[in-house]
Amino acid sequence: PAPVGTGVVTLAVAPWGEVFVDGDRIGVSPPVNEVEVTPGKRKIEIKNGSFPVYTQVVDVKADQKVRIKHKFN
């Protein structure tokens with residue numbers, strides 16, 4: 001079978017946020033600003049202290065970039 005491509009989620013988070021993809025902790029953005037994911041629907045959660053959790057579901061296709069921008073204030 002042909003190898004399956006990956007998609008990329010690019011992140012622009014201010015001032016910072018803990019990033020989770022499908023419940024798995026990826027790291028803190030910044031410095032993390034790109035996450036490789038397998039194609040399909042992915043649940044992205046961004047957490048910052050006492051602010052409400054920002055959640056977005058994205059449908060990522062192989063070899064595609066999806067941008068998520070969020071500002072906690």
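**Salt bridges and an open sheet in a predicted model**

Glu 45 is buried, its relative accessible area being 17%; buried here stands for under 20% relative accessible area, exposed for over 50%, and partly exposed for what lies in between (1.4 Å probe, protein chains only). The side chain of Glu 45 meets that of Lys 43 in a salt bridge (3.9 Å, N to O), a term that requires a side-chain nitrogen of Lys or Arg within 4 Å of a carboxyl oxygen of Asp or Glu. Lys 43, for its part, counts as partly exposed at 39% relative accessibility.

Some background helps in reading these values. The model is predicted, so local features need pLDDT of at least 70 and side-chain atom pairs count only at pLDDT 80 or more, while totals for chains, interfaces and linings use all residues. Residues are numbered from 1 along each chain as its sequence is written, and side-chain values use heavy atoms, with hydrogens and water left out. The protein has a mean pLDDT (the predictor's confidence in each residue, from 0 to 100) of 94, and 96% of its residues reach 70 or more. Among the elements, strand E2 (residues 17-21) has the highest mean pLDDT, 98, and strand E4 (residues 34-37) the lowest, 95. Strands (E, at least two residues) and helices (H or I, at least four) are DSSP runs, numbered from the N terminus.

In total, the structure holds 5 salt bridges. One of them joins Glu 18 to Arg 25, with the closest N and O atoms 2.5 Å apart; Glu 18 is partly exposed, at a relative accessible area of 24%. Another is formed by Asp 22 and Arg 42, whose closest N and O atoms lie 3.1 Å apart. This pair links distant parts of the chain, 20 residues apart: Asp 22 sits in the loop between E2 and strand E3 (24-29), and Arg 42 in strand E5 (residues 40-47). The two partners have their own burial classes: Asp 22 is partly exposed, with a relative accessible area of 39%, whereas Arg 42 is buried, with 15%.

Turning to the strands, an open sheet of 3 strands follows the order E4-E1-E7 with mixed pairing, where two strands pair if DSSP finds at least two bridges between them. E4 and strand E7 (65-71) are the edge strands, each pairing on one side only. On average, neighbouring strands of this sheet are turned by 20° against each other, direction ignored. Strand E1 (residues 7-14) pairs with E7 in the parallel sense over 7 bridges, and Ala 14 stands opposite Lys 71 in E7.

Conventions
Axes fitted to C-alpha atoms, helices over the stretch in contact; angles between N-to-C directions.
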